[in-house]
Amino acid sequence: MDNRTETEKRLRRRTIISFVVFFALIIAGYIGWRVLYTEQMDNGVQKDIRKGLKTNESIFENLFSTHHLAKTYLESEAVKKVRVNGRIGMGVDFDAALWKLRVVRKPGDTLFLTLDDIKSLPKTDVIFDFKCIEGWSQVTHWGGAKFSDFMKKYNLNDQSQMNYTGLITPDQKYYVGIDMASMMQPQTLLCYEMNGKPLPMDQGYPLRLIIPVKYGIKHLKRIGTMYFQDTKPKDYWAEKGYDYYSGL
Ligand SMILES: Nc1nc2c(c(=O)[nH]1)N[C@H]1C(S)=C(S)[C@@H](COP(=O)(O)O)O[C@H]1N2
Ligand SMILES: [Mo]
């Protein structure tokens, strides 16, 4: 007899708890809906939904774009003996004393700049794991002007709205095309130093591209000409079947 009343009591308590929880959920659901329904709008959707959308957006933006940064290292981790890899467009008949960077603002409108012009921009160092599609990689240390600073300084705002930047060696034998989002990324350098010293000749003196979010093939050594367009500029390795973007 005692046992039965115990069981009944317990059952009744559970039933009451179930009902309380049930109604609490209904009320919570109603309040949640009222809050969303009466909430301030942000660009066509409720504020809190917009927050969720923003979170999604930032995740994908980081995966694919300008804000995505390559991992950086300490100066002590950078190798002293840096490998020299590609030599296309690096012929010996190059006269560094006559070099000027040709910046084609638009067809028929070219700006000529000296190395000192590039050096007059703030210097940035980047130490990252340089990866070649051949399978090797090494942590290396580079210094130069941020491409994005360069674009601002020379009023290349319209050009930075285009889809691509093209780079060509002075002898036109090596050339790359790169999406503007990656070019404008803050680690992308017009590079004139390696390990704190002037860029060695075979590493692209006087000026090379360093673009840590891309594989080595895109880091063109010895920039002669730079140009901008909405269609894909010609690209040496893409013509041979490699991925045009070659992102990391
Ligand atoms: N002008 C020019 N730039 C170039 C190449 C090249 O052959 N010619 N090779 C690319 C490749 S495949 C790599 S891995 C890197 C190597 O840079 P490093 O020689 O400074 O190590 O340069 C890139 N830039
Ligand atoms: Mo490479």
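Here is a short walk through this predicted model, one selection at a time.

**Stop 1: the ligand**

Start by selecting ligand 1 and showing what surrounds it. You should find 19 residues around ligand 1, and the closest are Arg 83, Asn 85, Ile 88, Arg 208 and Lys 221. Try colouring that shell by class: nine residues are nonpolar, six are polar and four are charged.

Now zoom in on a few contacts. Select Lys 221 first: an N or O atom in its side chain is 2.5 Å from an oxygen atom of ligand 1. Next, pick Gln 203, where an N or O atom of the side chain is 3.2 Å from an oxygen atom of the ligand. For Ile 88, turn on the backbone, since that's the part to look at: a polar backbone atom of Ile 88 is 2.6 Å from a nitrogen atom of ligand 1.

How much of ligand 1 does the protein cover? On its own, ligand 1 has 530 Å² of accessible area, and the protein covers 98% of that. If you switch on a surface view, look for the largest pocket: that's the space ligand 1 takes up.

**Stop 2: strands S3, S4 and S12**

Hide the ligand and select residues 101-106, which make up strand S3, together with residues 109-113, which make up strand S4. These two strands run antiparallel and are joined by five bridges. Click on Val 103 and look across to S4: Leu 111 stands opposite. The hairpin has two residues between its strands, and Gly 108 takes a positive phi near 90° there.

Stay on S3, but add S12 to the view. Three bridges join S3 to S12, and this pair runs parallel. Val 103 turns up again here, with Met 226 as its bridge partner in S12.

**Stop 3: the S5 and S6 hairpin**

Which way do S5 and S6 run, parallel or antiparallel? Select residues 123-131 for S5 and 137-146 for S6, and you'll see that they run antiparallel, with nine bridges joining them. One place to click is Phe 130, whose bridge partner in S6 is Gln 138. Five residues sit between the strands of this hairpin, and Gly 135 takes a positive phi near 115°.

**Stop 4: some unusual backbone spots**

Most residues other than glycine have a negative phi, and most peptide bonds are trans. With that in mind, visit three loops.

- Select Gln 172, in the loop between strand S7 (164-168) and strand S8 (175-179). Gln 172 isn't a glycine, yet its phi is positive, near 65°.
- Move to Arg 222, in the loop between S11 and strand S12 (225-229). Arg 222 isn't a glycine either, and it has a positive phi of about 60°.
- Finish at Pro 206, in the loop between strand S10 (197-198) and strand S11 (208-210). Show the backbone between Tyr 205 and Pro 206: the peptide bond joining them is cis, with omega about 5°.

Notes: Residues are numbered from 1 along each chain as its sequence is written. Chains are lettered from A and ligands numbered from 1 in the order in which they are written. This is a predicted model: local features need pLDDT of at least 70, side-chain atom pairs count only at pLDDT 80 or more; totals for chains, interfaces and linings use all residues. Side-chain values use heavy atoms; hydrogens and water are left out. A residue is near a molecule or strand if one of its heavy atoms lies within 4 Å of it. A polar contact is a pair of N or O atoms within 3.5 Å; within protein, one must be able to donate a hydrogen and the other to accept it, and residues adjacent in sequence count only if both atoms are side-chain atoms. Accessible areas come from the Shrake-Rupley method with a 1.4 Å probe; for residues, only the protein chains shown count as cover. On a 1 Å grid over the protein atoms alone, a cavity is a set of points where a 1.4 Å probe fits but cannot get out, and a pocket is an open set with protein on both sides within 12 Å along at least five of seven lines; lining residues have an atom within 4 Å of a point. A molecule sits in a cavity or pocket if more than half of its atoms lie within 2 Å of its grid points. Ala, Val, Leu, Ile, Met, Phe, Trp, Tyr, Cys and Pro count as nonpolar, Asp, Glu, Lys and Arg as charged, and the others, Gly among them, as polar. Two strands pair if DSSP finds at least two bridges between them. Helices (H or I, at least four residues) and strands (E, at least two) are DSSP runs, numbered from the N terminus.
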